[in-house]
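Colleague: I have a few "why do you call it that" questions about this one. Can you take me through the reasoning?

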Amino acid sequence: MLIPNIYLTELFGKFIFVVCDVLAAHLIHKILCLQGLDSQRACWYCSFWLFNPLPMAVSSRGNAEAVLAMLVLSTLLHLKRKQIVKAALFYGLSVHLKIYPVTYALPMILSLQTDQQATGNDTQTRTNKDHRKKGIGLLSHMKHWVVFIVRLLNKEVQMFIFVAGLEFLTLGVLFYYSYGWEFLERTYLYHLTRRDIRHNFSPYFYMLYLTAESKWSSVLGLVAFLPQLLLLVITSLSYYKDLAFCCFLHTAIFVTFNKVCTSQYFLWYLCLLPMVLPHLTLSWRRGIMLMALWFTGQGLWLAPAYYLEFEGQNTFLLIWVAGILFLSINCFILWVLISNYKKRELPSKTRVD
């Protein structure tokens, strides 16, 4: 994508990322209109992304996060329209470019179940209870549970998995043929063994820094995934019926509890926040207070990080404490958003299909 940087201008990539920023806002507008907002109100919520200084700074400095935002939003838009093949194509490409959207797989699959399918599942569950009452053997019991699981994979789910999986594997084989093992290592496997001991917003960095030479370092790096995994599964099972909100929570949890957390990662869930805002019962005053609290947490971390990076002072302990405080602030904000989120039908004057 960035080869024209060499032959045309060094700014080519930045133009691409800024254009993707604008396209992401356009996609947010379409999704909001499908949710029931009129076009004018949808524009107001889009401005939270379009005129946000953080996406502006990240894209204009040369980070490709806006490309991922555009792909993820395209996936959600086409799922909302029940255009399964298009959604799968965008989703497969997004996972190929950056691994974090793979966490959306479970809620997306669950959300693709139709009401009829859910009814069938309830019927199957009642049948299983009847069989247990009648004392049917273990083999028959297992057979009915297999049928129950298979029924979850309706045609839409099967199509989504097949198209997205085929695209992902095809691109993987193509790039493995081009770059060999280095592609797999640096794109996917590296995240399993990654132990980033440089200071970042995650409080894990200090533990990994102190145990960098320990034989337990690799084990600790893998254990750090457990809180993420548990929370992501719980979130999927609880909120999959509202896919936009579920993906927002997924991304916020993934970033907040990740071993590495930097400012550009915040864009992963900020692009989903405008689709959540219309359904919050928070007052504007309380919303501004939460935003101020979030920026304060970053500022408290950035102060000791500056003295470590530019003044050479030993502020590791202060950075670690600030990281724990920022983690607590993010958890508090998520708790407030979940507590004040009420999914409801929104009146619409103008819909965009």
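Modeller: Let's start with a cut-off: a residue counts as exposed when its relative accessible area is over 50%, as buried under 20%, and as partly exposed in between. Keep in mind that this is a predicted model.

Colleague: Why is L229 called exposed?

Modeller: L229 has a relative accessible area of 52%. Exposed means over 50%, so L229 is exposed. You'll find L229 in helix α14.

Colleague: What makes the nonpolar surface patch?

Modeller: L229 is one of the contributors, along with L106, V219, V223, L226, V233 and L237, and the patch is about 590 Å². Helix α14 (225-239) and helix α13 (217-223) each supply at least two of the residues. The largest share, four residues, is from α14.

Colleague: Is Q228 buried or exposed, and how do you know?

Modeller: Q228 has 3% relative accessibility. The limit for buried is under 20%, so Q228 counts as buried. Q228 is in helix α14 too, and, setting aside residues up to four places away in sequence, Q228 touches F254, F257 and N258.

Colleague: Why is the E65 and K98 pair called a salt bridge?

Modeller: The closest N and O atoms of E65 and K98 are 3.0 Å apart. The rule asks for a Lys or Arg side-chain nitrogen within 4 Å of a carboxyl oxygen of Asp or Glu, so E65 and K98 form a salt bridge. The two sit in distant parts of the chain, 33 residues apart: E65 in helix α5 (residues 65-80), K98 in the loop between α6 (84-97) and α7 (105-111). E65 is buried at 2% relative accessibility, whereas K98, at 25%, is partly exposed.

Colleague: How many salt bridges does the rule give?

Modeller: The count comes to two. R186 and E182 also meet in one, at 3.4 Å from N to O. They lie four residues apart in helix α11 (residues 181-193), about one turn of the helix. R186 is exposed at 61% relative accessibility, and E182 is partly exposed at 43%.

Colleague: On to the rings. What makes F175 and Y179 a stacked pair?

Modeller: Their ring centres are 6.2 Å apart and the planes differ by 20 degrees. Rings pair if their centres lie within 6.5 Å, and planes under 30 degrees apart count as stacked, so F175 and Y179 make a stacked pair. Both are in helix α10, four residues apart. Y179 is exposed, with a relative accessible area of 54%, and F175 is partly exposed at 29%.

Colleague: And why is the Y206 and W320 pair called tilted?

Modeller: Here the centres are 6.0 Å apart and the planes are at 40 degrees. That angle is neither under 30, for stacked, nor over 60, for edge-to-face, so the pair is tilted. Y206 in helix α12 (residues 204-210) and W320 in helix α18 (residues 316-339) are 114 residues apart, so the pair links distant parts of the chain. Y206 is buried at 17%, while W320 is partly exposed at 31%.

Colleague: How many aromatic pairs does the structure hold?

Modeller: There are 26. Ring pairs also link F201, F248, F266, Y269, W294, F295, W301 and F326 into a cluster.

Colleague: Why is F168 called partly exposed?

Modeller: F168 has 25% relative accessibility. That is neither under 20% nor over 50%, so F168 counts as partly exposed. F168 is in helix α10 (residues 155-179). Leaving aside neighbours within four places in sequence, F168 contacts G92, V95, H96 and Y188. The C-alpha atoms of F168 and G92 are 5.1 Å apart, although the two are 76 residues apart along the chain.

Colleague: What does the whole chain look like, and how confident is the predictor?

Modeller: The chain has 18 helices and zero strands, and 44% of its 353 residues count as buried. The mean pLDDT is 83, with 83% of residues reaching 70 or more. Residues 131-135 are below 50, and that stretch has four contacts in the model beyond near neighbours in sequence. Residues 348-353 also stay under 50, with 18 contacts beyond four places in sequence.

Technical notes: Residues are numbered from 1 along each chain as its sequence is written. This is a predicted model: local features need pLDDT of at least 70, side-chain atom pairs count only at pLDDT 80 or more; totals for chains, interfaces and linings use all residues. Side-chain values use heavy atoms; hydrogens and water are left out. Buried means under 20% relative accessible area, exposed over 50%, partly exposed in between (1.4 Å probe, protein chains only). Contact means heavy atoms within 4.5 Å. pLDDT is the predictor's confidence in each residue, from 0 to 100. Patches are made of residues with over 30% relative accessible area and no salt bridge: like charges are joined within 9 Å, nonpolar side chains (Val, Leu, Ile, Met, Phe, Trp, Tyr) within 5 Å. Accessible areas come from the Shrake-Rupley method with a 1.4 Å probe; for residues, only the protein chains shown count as cover.
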